[in-house]
Amino acid sequence: MAGEKQIWMKANAKINLGLDVLRRRKDGYHDVCMVMQSLDLSDDVFLEKRSDDEIRLKTNLASLPDDESNLAYKAAKLMKEKYRIKQGVAVSIQKRIPIAAGMAGGSADAAAVLRGMNELFDLGLSMEELQKTGVKLGADVPYCVMGGCALAEGIGEKLTKLDGPSGYPILLAKPDIEVSTKHVYESLSLEDKSSHPDVKQLLQDVENQEVSAMARHIGNILETVTIAEYPVIDQIKKQMKVSGAVNSLMSGSGPTVFGIFEDGTVLQNAYSDMVKTGLAKDVIMTYAV
């Protein structure tokens, strides 16, 4: 869908099949070990060259900022400065990924801007070069540049592509609460060994493309903080399992919960069940890509 002056990019949401925090670093960040998975759920990001040198951003949501506080705007500004792009760019985002949901919606939009400007202005940058630029915007951006299934280490910027399964059904449910990622990490205790997920076993299941085994070994250490403060997250997890999910888990620092299913019909019934409970503000059916 790319024209001479306009381009369309897909910005996919992500979930964390595994999320472990290894240690706190002196710079305030945390070393993590995460297994990331892209979803078909996505935002549409349109980019167009402008005749002037300005950046213009608009979205379909009035609640989203359209200035430099938006990560997509920051991505456009960074590309213009780093690669000395004289022309301006207009960025239009059609949001479908719930905001502040633990699914990297903002990072996905920023990554789409990086990829889109690379193509729009014929910069010829490799994915690795775009990832190095992306890490300046946020720890999830390099992964969002790549997408798919991946192991993320360091602060999330050290990525290893995984040949994991795809196409399996996913149910997403986001309760009507806001979670501070900063607060969750600051409140995290790393001493309890039982709270750490078995990422090594999860990686083995992913590599073997065994969805049911993989689902049984998903885990997220951040649940120890977020669920204690917001019990509705645990209620949603339990409801998904009652409705036939192989397993369910909170994504990122929350509050979104995802359930992994092996059958599309069971997924549809679980969707109806979840809507009826009223536990979640957003309930979405999607699949891994």
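What percentage of the 289 residues of the protein chain count as buried? In this model, which is predicted rather than determined by experiment, the share that counts as buried is 53%. I would like to begin with the chain as a whole, and then go through some individual residues that you can find in the structure above.

The secondary structure of the protein chain consists of 10 helices and 11 strands. Along the principal axes, the C-alpha trace spans about 55 × 45 × 35 Å. For a chain of 289 residues, a compact globule would have a radius of gyration near 19 Å, and because the protein chain has 19 Å, the value agrees with that expectation. If we take the contacts between residues at least 6 apart in sequence, 74% of them join residues that are at least 24 apart. As for the surface, the accessible area of the protein chain comes to about 13200 Å², and 46% of it belongs to carbon and sulfur atoms.

Let me turn to the charges. The protein chain carries 34 positive and 40 negative charges, and the mean positions of these two sets are 4 Å apart. In general, side chains of opposite charge can pair when their charged atoms come close. Across the whole structure, a search finds 13 salt bridges, and I will show some of them.

One of them joins the side chains of Lys10 and Asp40, with a distance of 3.1 Å from N to O. Lys10 belongs to strand E1, residues 6-24, and Asp40 to strand E2, residues 30-49, so this pair ties together parts that are 30 residues apart in sequence. Lys10 has a relative accessibility of 30% and therefore counts as partly exposed, and Asp40, at 24%, also counts as partly exposed.

Another salt bridge is formed by Asp52 and Arg50, where the closest N and O atoms are 2.8 Å apart. Here again the partners are partly exposed, Asp52 with a relative accessible area of 27% and Arg50 with one of 23%.

In the pair of Lys182 and Glu186, the closest N and O atoms are 2.7 Å apart. These two residues are 4 residues apart in helix H5, residues 181-186, which means that about one helical turn separates them. Both Lys182 and Glu186 are exposed. Beyond such pairs, there is also a network of salt bridges, and it links Arg23, Arg25, Asp27 and Asp31.

Now, which side chain of opposite charge is nearest to the buried Lys174? It is Asp282, and it is 4.5 Å away. Since a salt bridge requires the nitrogen and the carboxyl oxygen to be within 4 Å, Lys174 is left buried with no salt bridge. Lys174 lies in strand E7, residues 169-174, and, leaving aside neighbours within four places in sequence, the residues in contact with Lys174 include Pro98, Ile99, Ala100, Pro255, Thr256 and also Asp282 itself.

Pro255, which I have just named as a contact of Lys174, deserves a moment for its backbone. The peptide bond from Gly254 to Pro255 is cis, with omega near 5 degrees, and Pro255 sits in the loop between strand E9, 247-250, and strand E10, 257-260. As background, most peptide bonds are trans, and most residues other than glycine have a negative phi.

On that second point, two residues here stand out. Arg84 is not a glycine, yet has a positive phi of about 50 degrees, and Ala104, likewise not a glycine, has a positive phi of about 60 degrees. Arg84 is placed in the loop between helix H1, 71-82, and strand E4, 89-94, whereas Ala104 is found in the loop between E4 and helix H2, 105-120. Are these two residues buried or exposed? Arg84 is exposed, with a relative accessible area of 71%, while Ala104 is buried, with a relative accessible area of 12%.

I will end with Leu267, a residue of helix H10, residues 264-277. At 7% relative accessibility, Leu267 counts as buried. Not counting residues up to four places away in sequence, Leu267 touches Pro169, Ile170, Leu171, Phe261, Met285 and Thr286. Leu267 and Val32, by comparison, are 235 residues apart in sequence and 31 Å apart in space, from C-alpha to C-alpha.

Definitions and conventions: Residues are numbered from 1 along each chain as its sequence is written. This is a predicted model: local features need pLDDT of at least 70, side-chain atom pairs count only at pLDDT 80 or more; totals for chains, interfaces and linings use all residues. Side-chain values use heavy atoms; hydrogens and water are left out. Buried means under 20% relative accessible area, exposed over 50%, partly exposed in between (1.4 Å probe, protein chains only). Lys and Arg count as positive and Asp and Glu as negative; His and the chain ends are not counted. Contact means heavy atoms within 4.5 Å. The radius of gyration is taken over C-alpha atoms; the globule rule is 2.2 Å times the number of residues to the power 0.38. Accessible areas come from the Shrake-Rupley method with a 1.4 Å probe; for residues, only the protein chains shown count as cover. The place of a charge is taken as NZ of Lys, CZ of Arg, CG of Asp or CD of Glu.
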